[in-house]
Amino acid sequence: MKMVAVMLKDLRLICRDRFGLVALLVVPIVVIMVVASATQSGDGSKSILFPIVNEDQGPVATALIRAFREHLDVREVSRTAAQRLVADTNDAPAALILPPELSKRYLAQKPSTAQLLTDPAQWRELEAIKVVMLLADRETASLGDPFSQELLTVREHNITGDHVSFSSLEQNIPGFSLMFVLLTLIFSVSLALREEEVWGTSARLSVAPMRPASLLGGKLLARHVVGTAQLLLLLVFGHFVYGLRLGHSPVAMILVATAVVASMTCFAAVVAAFVRTREQAIPVGLAVAFVLASLGGLFWPLYDLPKSMQAIASTLITTWSMSAIQDVILRDKSLVVVSTELLVLIAYGLVSFLIALRLFRYGDEAHS
Amino acid sequence: MRALSIVLVVWLLVVAPAQAASPLDYTRTILDQAHTIVASSQAHNEKLAALSALFSKFLDTDAMGRQALGAHWSSLTPEQQKEFLGLFRELLQRTYVQKLLLFENPNFVYAGVQQTGADAVVDTKIVTPRDQFDVTYRLQPAGDTWLATAITVEDVSLTANLGSQLNDLLSRMSVDDLLTLMRRKYGNVGGAAQS
C-alpha cells in the first residue's frame, strides 16, 4: 500500500507538468514522422539516377532500357554526360554503355559486352543497380535459351502472420518508440531522483517508516505507468497514421508493452544509481540510450550489425524488447509463444531492480 | 437475292481459292497483321497470345520440328513424335514472337521473292530509325496459302539454332527427359501440346 501511495504521489507530480507530458508524445511523433517521410518515399531504387548511353538504338537496347525504367531513374545521355554524372558531379552511382550493334549481335546469337562505369563510393546505390542488372540479365538469358531449366522455384508463404511484405516503418516506428521510451525513462528517473536530493525530499523520505524497496518501487511504478502509456500511444499513432500492424491481440500487445517498459524502468534505475549529478545525467543517459538502441536493433535490423556485435546484442534489454514487440505486432504470436521473451524481460527487470536497490543509497547524499 | 447469295457462295468456294495469294502477298498480309498487334496498346501477354494465334497459320512448325531433330527424329516413337511436335510448336512460336516483340513498332520492308520450284524465299527487313534487320522466310504452298518452313533472322536459322540446342540436350539426356523438360516449360500453354 505504501508503494502505491508513493506511486500515486509521483504520478500527481508528473501530471502537474502538462507540457512535459505532451512533449513525451509530441517529440517522438515528430521524429517518427521525419523518419517515416525519409524512408517511406515509396520510390525505393527508383530514385537512383542511372544514365544509359544508348549507342545501339536498336530494339534490344530499347527493351533493356524499358526494363531498367521499371526499377531505376533512367536517363539516356551521351557518353560525356554519363561520365560527368558519375565521376564529376557524383549524381549517379553508375552509368551503362550499350554498345553499337548490340541488337544485331543479339539477334544473330552473338555475345556483346556492355560497359558499366561506376563510382564505388556510392556502394549502396551501386548494389541496388547490380541487383536490377542481374534480374535483367536473367530475363535476357531466358529469352536466348528457351530450354533453360527452372530447377528451383521459390514460392513465398508467410508462416508468421497474414502479411507477405512489410515496409521499413515496421522497423522504424516500434524502434524509435522504444528508443524514446528508454531515453525518457533514463532521464526522468535519473533527474527526478537527483532533484529530490537537491530539494531534500529524499532525506525526508529516507527517515519515513517504509522499506527502501517500497519507496524505490513506488517511484519506479509511477514512471512505469507513464512509460507504458507513452509506448502504447506511439504504437497506436503509428497504426492510425502509417498503418502499422498491431497484431491480432490487443491484450498481448498491452502485456508485452507493460513487461518491456517494466524492465526498462528498472534498468533506468540502475543507470540513475551511477549518475551522481544532474550534469552527469544528460551525457550518461544519452550514451546508454543510443548505444543500447543501436546495438539492440531499434535503429536498424540486427543483421546490419557485425557478427560479434550481434552476439553482444543478444544480451541486451533493447534486443529482447524489440523482439517481443515485433513478435506480437508483426508475427501475430500469442502470449504463450512470446513467454520466453517476457520471462527474460521480467528477469532483466527484477535483477536491475535489485541492483538499483543495492546501489541506490536513498538519502545518503542528503545526509552526508 | 437468293440467287445472288448462291452465286457469292459458289464464287467463294470455287473462284477465291483459285486466286491464291502470291508468297510475297501472303507474307505481307501476315506481317501487316503482326505489325498491328505489336504496335497496339495491348498488354505484353495479350500481344504474345495474339501473335502466337496469328503465326499458328503461317509457321509450319511440324516441318521445322522434324528438321530441328534431324537424325534423332526417327528414334522417337510415334507417340513421342506427336507430343514433341506439339511442344515444339509452342517453343518455336514463342522464340520467334518474343524476338518480334523486342520491336516496339516494327516497320516491315519487303526486299524481294525468289521462286525455286514450288518453294519461295521471301526476303524482308525490319527497319528501325538506326538500323535494319534481315528476316528471311522459306515458304511452301499449302492449298491456297503458304506455310513458312524456315525462318532466318540476321543469317541465323531459328530451326538450326533450336536444333543445335536439342542435339546438345539429347547428347546428355534421353528423349523422355527432353519431353519432360519441354512439357514443364511449354506443356501448359493451351493444352494443345498434351494432345
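**Helices, a sheet and a chain contact**

In this predicted model, α1(A) passes α9(A) in a right-handed crossing.

Me: What makes that crossing of α1(A) and α9(A) right-handed?
Reply: The test is which way the near helix is turned from the far one: clockwise by less than a right angle counts as right-handed. α1(A) and α9(A) are assigned a right-handed crossing. The residues in contact include A:Met3, A:Met7, A:Leu11 and A:Ile14 of α1(A), and A:Leu215, A:Leu221, A:Val225 and A:Val226 of α9(A). By class, that contact holds twelve nonpolar, three polar and three charged residues.

Me: Why are α1(A) and α9(A) called oblique to each other?
Reply: Look at the angle. Helix α1 (residues 2-16) of chain A and helix α9 (residues 212-242) of chain A pack at about 45°, with axes 7 Å apart. Under 35 degrees would be roughly parallel, and 65 to 115 roughly perpendicular. The angle of about 45° fits neither range, so α1(A) and α9(A) are oblique.

Me: Which hand does the crossing of α5(B) and α7(B) have?
Reply: That one is left-handed. Helix α5 (residues 78-101) of chain B and helix α7 (residues 175-186) of chain B pack at about 40°, and their axes are 10 Å apart. Among the residues making the contact are B:Phe84, B:Leu87 and B:Leu91 of α5(B), plus B:Leu179, B:Met182 and B:Tyr186 of α7(B). Sorted by class, this contact has seven nonpolar, one polar and three charged residues.

Me: What makes β1 and β5 of chain B edge strands?
Reply: Each of them pairs on one side only. The open sheet has five strands in the order β1-β2-β3-β4-β5 (chain B), with antiparallel pairing. β1 (107-116) and β5 (156-157) are its edges.

Me: How do you know that β1(B) and β2(B) really pair?
Reply: Count the bridges. Pairing takes at least two, and β1(B) has nine with strand β2 (residues 119-127) of chain B, in the antiparallel sense. That clears the cut-off, so the two strands count as paired. For one spot to look at, B:Tyr110 stands opposite B:Thr124 in β2(B).

Me: How many residues of chain B are in contact with chain A?
Reply: 21 residues of chain B touch 15 residues of chain A. On the chain B side, α5 and α6 (158-170) each supply at least two residues. The largest share, five residues, comes from α5(B). By class, the chain B side has nine nonpolar, five polar and seven charged residues.

Note on methods
Residues numbered from 1 in each chain as written. Chains lettered and ligands numbered in written order. Predicted model: local features only at pLDDT ≥ 70, side-chain atom pairs only at ≥ 80, totals over all residues. Axes fitted to C-alpha atoms, helices over the stretch in contact; angles between N-to-C directions. Helix = DSSP H or I, 4+ residues; strand = E, 2+ residues; numbered from the N terminus. Contact = placed C-beta atoms within 7 Å. Nonpolar A, V, L, I, M, F, W, Y, C, P; charged D, E, K, R; others polar. Parallel < 35°, antiparallel > 145°, perpendicular 65-115°, else oblique.
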